[in-house]
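Subject: Handing over the structure

Hello,

Here is the structure I promised to pass on to you. Please have a look at it first, and then read on for my notes on its side chains.

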Amino acid sequence: MVQKLPYLPETPSQTAGPYVHIGLTPNALGNAGIYPSDLGTSPIRDGAKGERITVTGHVRDGAGMLLRDALIESWQADADGLYPAPNEKRGQADPNVTGWARIIADFDSGDWTLETIKPGRVPHPSGGLMAPHISLWVVARGINIGLQTRIYFEDEEAANAECPVLARIEHKGRIPTLLAKKTGPGAYRFDVVLQGPDETVFFDI
């Protein structure tokens, strides 16, 4: 007799282990031939409108160790705050901004780099405009469920002060963990800290 199950049980989560790069960025490991090139190498194409920026950072665990096997996926709007999807109310997004990228940490230094354009402000479903931001999904060894966070920019003070998402963070002293620090013209630094007193704010999505 076959047992009837009215639902499908959730598959247990588990760490990505050493397989995340083998499956997602094989060319970066020297395993050529699976894809002509790794997917998501850049969120923009030539001709993308907006301010070109470079964000560099690393992922650090609670003991201060760099996670050199970290993989990050980013998602963002274009310079006008539009995503690459049909939007009758706000117009057509920049066709040269895909908005999505897959970034890996350098296996030696642990640093990752995202070259993109600074996104515009996006409407929040409850009203108001969110500050310019880039959403991140972070995975690495020891992380059972991918972590969700955002990059905001320290030089967008007025927009940050009006952002309905930042306003919902109860512990205001932790907001700086979401702010990319400007290090030069068009250059920012954003480090992700998994645990400890400087732990990055992560979102439950």
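To start with a small puzzle: is F107 buried, partly exposed or exposed? With a relative accessible area of 37%, F107 is partly exposed. Please keep in mind throughout that this is a predicted model.

F107 is found in the loop that runs between β3 (100–104) and β4. Together with Y19, I22 and L29, F107 makes a nonpolar surface patch of about 400 Å².

Now to the charged side chains. There are seven salt bridges in the structure. One of them joins K118 to D155, at 3.3 Å from N to O. Here two distant parts of the chain are linked, 37 residues apart: K118 belongs to the loop between β4 (111–117) and β5 (122–123), and D155 to the loop between β8 (147–153) and α2 (157–162). K118 counts as buried because its relative accessibility is 9%, below the 20% limit. D155, at 27%, counts as partly exposed.

D155 also has a salt bridge with K182, where the N to O distance is 3.6 Å. This pair again connects distant parts of the chain, since K182 sits in strand β9 (residues 179–184) while D155 is in the loop between β8 and α2, 27 residues apart. K182 is partly exposed, with a relative accessible area of 39%. If you step back from the single pairs, you will find a network of salt bridges that links K118, D155, E156 and K182.

Another salt bridge is formed by the side chains of E162 and R121, at 3.1 Å from N to O. E162 is in helix α2 and R121 is in the loop between β4 and β5, so this pair too links distant parts of the chain, 41 residues apart. The two partners differ in their cover: E162 counts as exposed at 52% relative accessibility, whereas R121 is partly exposed at 25%.

Next, the aromatic rings. How many aromatic pairs are there? The count comes to two. In one, W75 and Y83 have ring centres 5.6 Å apart and planes at 10 degrees, so the pair is stacked. W75 is partly exposed, with a relative accessible area of 36%, and Y83 is partly exposed as well, at 25%.

F153 and Y188 form an edge-to-face pair, with 5.0 Å from centre to centre and 70 degrees between the planes. Because F153 lies in strand β8 and Y188 in strand β10 (residues 187–189), the pair ties together parts that are 35 residues apart in sequence. Both of these residues, F153 and Y188, are buried.

Finally, two places where a charge meets a ring. K118 turns up again here: its charged end sits over the ring of F153, 5.0 Å from the ring's centre. K118 therefore takes part in the salt bridge with D155 and also sits over a ring that belongs to an edge-to-face pair. The other place is at F203, where R150 lies over the face of the ring, at 5.9 Å from the ring centre.

If you want a place to begin, try K118 and follow its contacts to D155 and to F153. I hope you enjoy exploring it.

Best wishes

Key
Residues are numbered from 1 along each chain as its sequence is written. This is a predicted model: local features need pLDDT of at least 70, side-chain atom pairs count only at pLDDT 80 or more; totals for chains, interfaces and linings use all residues. Side-chain values use heavy atoms; hydrogens and water are left out. A salt bridge is a side-chain nitrogen of Lys or Arg within 4 Å of a carboxyl oxygen of Asp or Glu. Helices (H or I, at least four residues) and strands (E, at least two) are DSSP runs, numbered from the N terminus. Buried means under 20% relative accessible area, exposed over 50%, partly exposed in between (1.4 Å probe, protein chains only). Rings of Phe, Tyr and Trp (its six-membered ring) pair if their centres lie within 6.5 Å; planes under 30 degrees apart count as stacked, over 60 as edge-to-face and the rest as tilted. A charge sits over a ring if NZ of Lys or CZ of Arg is within 6 Å of the ring centre and within 35 degrees of the ring normal. Patches are made of residues with over 30% relative accessible area and no salt bridge: like charges are joined within 9 Å, nonpolar side chains (Val, Leu, Ile, Met, Phe, Trp, Tyr) within 5 Å. Accessible areas come from the Shrake-Rupley method with a 1.4 Å probe; for residues, only the protein chains shown count as cover.
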